[in-house]
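Let's take a walk through this structure together, starting with its aromatic rings and moving on from there. Have the sequence and the 3D view ready.

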Amino acid sequence: MPGIMIHDVPLFEDVLRSVAGSPKGCLMLNSPGGDANAAEKLLMMCRQRFTEEFDVIVPDYAKSAATMIALGSDKIMMGYLAELGPIDPQLQTSLIPGGEVIPARSFIDGLDMIRRKVKEDQDPVQMYLPMLSQIRPEVLAICQRAIDDARAFAEKWLKQCMLRNDPGQAEIVAEMLSTGAAYKSHGKVIDWNEAKSVLKLNVERIPETSDLWNNIWELYCRSVQYLRQSPIAAKLFESESGSLTLNVQVQVVQASRLATPPAPSSGRRPDSPASQSAPLSSE
């Protein structure tokens, strides 16, 4: 349950309420990604609370939807091992939790590849009829819409915040991170140097010998260790004066064999619990 999801909002709001009144805020964020819509809501909450400045600290990794939150900050502070990642949408092709996830771009690229083979290489179209019969137009539409939404998200928040003085660069960064053309792998490591020199983001490197880095790393390691020791704690939300955990109980049941493979869905992760301690059923 590490992914960003809409059920994070109440706990996140409680944390923000504990620092109410501060015009400047800094979020230490460690996440593999998750729901882009939920990420935008969390970002919106931070931007409305911290009206003067909002920065993001990445101790280890902030990938995909977590990168989206970072793009909406004023400054990203990264240690020497910290990484961001592309924001190109991923579609889960199985209803089973942890099932196969495929980049949305790959569905569109597959059709383009067949088109080139027929048009440029003069391959007979009959060769590809079995493949074409499996391509569903509505899935292609979902893929393209997801890519467009990711690009629009990045462009909007970069223009409003981090790259407000360079809208042209905001458009370039949004294109590079969202389409899968510049970064072929969704897990591609974007370190502080690439974020600074290639993407031209407002990134500050935290020296690994500094007291600030030592304190950040200790807090991060203590947080990870706490979650590992708790059998039901999945996420940790903390401020200076408050500490909250999102607890889950997972119940694994026998999975039934499906007659046909399920259609791809636009969600990055399976449905999350309806409440803080609701059981999950893997079917």
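Tyr-80, Trp-213, Trp-217 and Tyr-220 come together as one aromatic cluster. Keep in mind that this is a predicted model. Across the whole structure, a search turns up 4 aromatic pairs. One of them joins Trp-213 and Trp-217, whose rings are stacked, with 5.6 Å centre to centre and 25 degrees between the planes. Why are these two rings in a position to meet? Both belong to helix α9 (residues 211-229), and because they are 4 residues apart there, about one helical turn separates them. In general, an α-helix has 3.6 residues a turn, so residues three or four places apart point the same way.

The two tryptophans differ in their surroundings: Trp-213 is buried, with a relative accessible area of 5%, whereas Trp-217 is partly exposed at 30% relative accessibility. Trp-217 also pairs with Tyr-220, this time in a tilted arrangement, with 5.1 Å centre to centre and 50 degrees between the planes. The helix helps here too, because Trp-217 and Tyr-220 are 3 residues apart in α9, again about one helical turn. Tyr-220 is buried, its relative accessible area being 11%.

Helix α9 leads us on to a pocket. How big is the second largest pocket? Its volume is about 1,200 Å³. It is lined by 44 residues, and those closest to its centre are Met-28, Leu-29, Asn-30, Leu-236 and Phe-237. Helix α9 supplies at least two residues of this lining, and so does each of α1 (9-17), β1 (24-28), α2 (36-49), β2 (53-58) and β7 (233-238). By residue type, the lining of this second largest pocket divides into 32 nonpolar, 6 polar and 6 charged.

Now turn to helix α6, which covers residues 137-160. With 24 residues, α6 reaches 35 Å from its first C-alpha to its last, close to the 34 Å expected at 1.5 Å a residue. Which residues of α6 are buried? They are Val-139, Leu-140, Cys-143, Ala-146, Ile-147, Ala-150, Phe-153, Ala-154, Trp-157 and Leu-158. Try colouring these in your viewer, then look at what covers them: the covering elements include α3 (65-71), β4 (90-92), α4 (104-119) and α7 (167-178). Helix α2 is also among the elements that cover the buried residues of α6, and α2 is one of the contributors to the lining of the second largest pocket.

Definitions and conventions:
Residues are numbered from 1 along each chain as its sequence is written. This is a predicted model: local features need pLDDT of at least 70, side-chain atom pairs count only at pLDDT 80 or more; totals for chains, interfaces and linings use all residues. Side-chain values use heavy atoms; hydrogens and water are left out. Rings of Phe, Tyr and Trp (its six-membered ring) pair if their centres lie within 6.5 Å; planes under 30 degrees apart count as stacked, over 60 as edge-to-face and the rest as tilted. Buried means under 20% relative accessible area, exposed over 50%, partly exposed in between (1.4 Å probe, protein chains only). On a 1 Å grid over the protein atoms alone, a cavity is a set of points where a 1.4 Å probe fits but cannot get out, and a pocket is an open set with protein on both sides within 12 Å along at least five of seven lines; lining residues have an atom within 4 Å of a point. Grid points are joined across faces, edges and corners, and a volume is the space filled by probe spheres set on the points. Ala, Val, Leu, Ile, Met, Phe, Trp, Tyr, Cys and Pro count as nonpolar, Asp, Glu, Lys and Arg as charged, and the others, Gly among them, as polar. The expected span of a helix is 1.5 Å times one less than its number of residues. Contact means heavy atoms within 4.5 Å.
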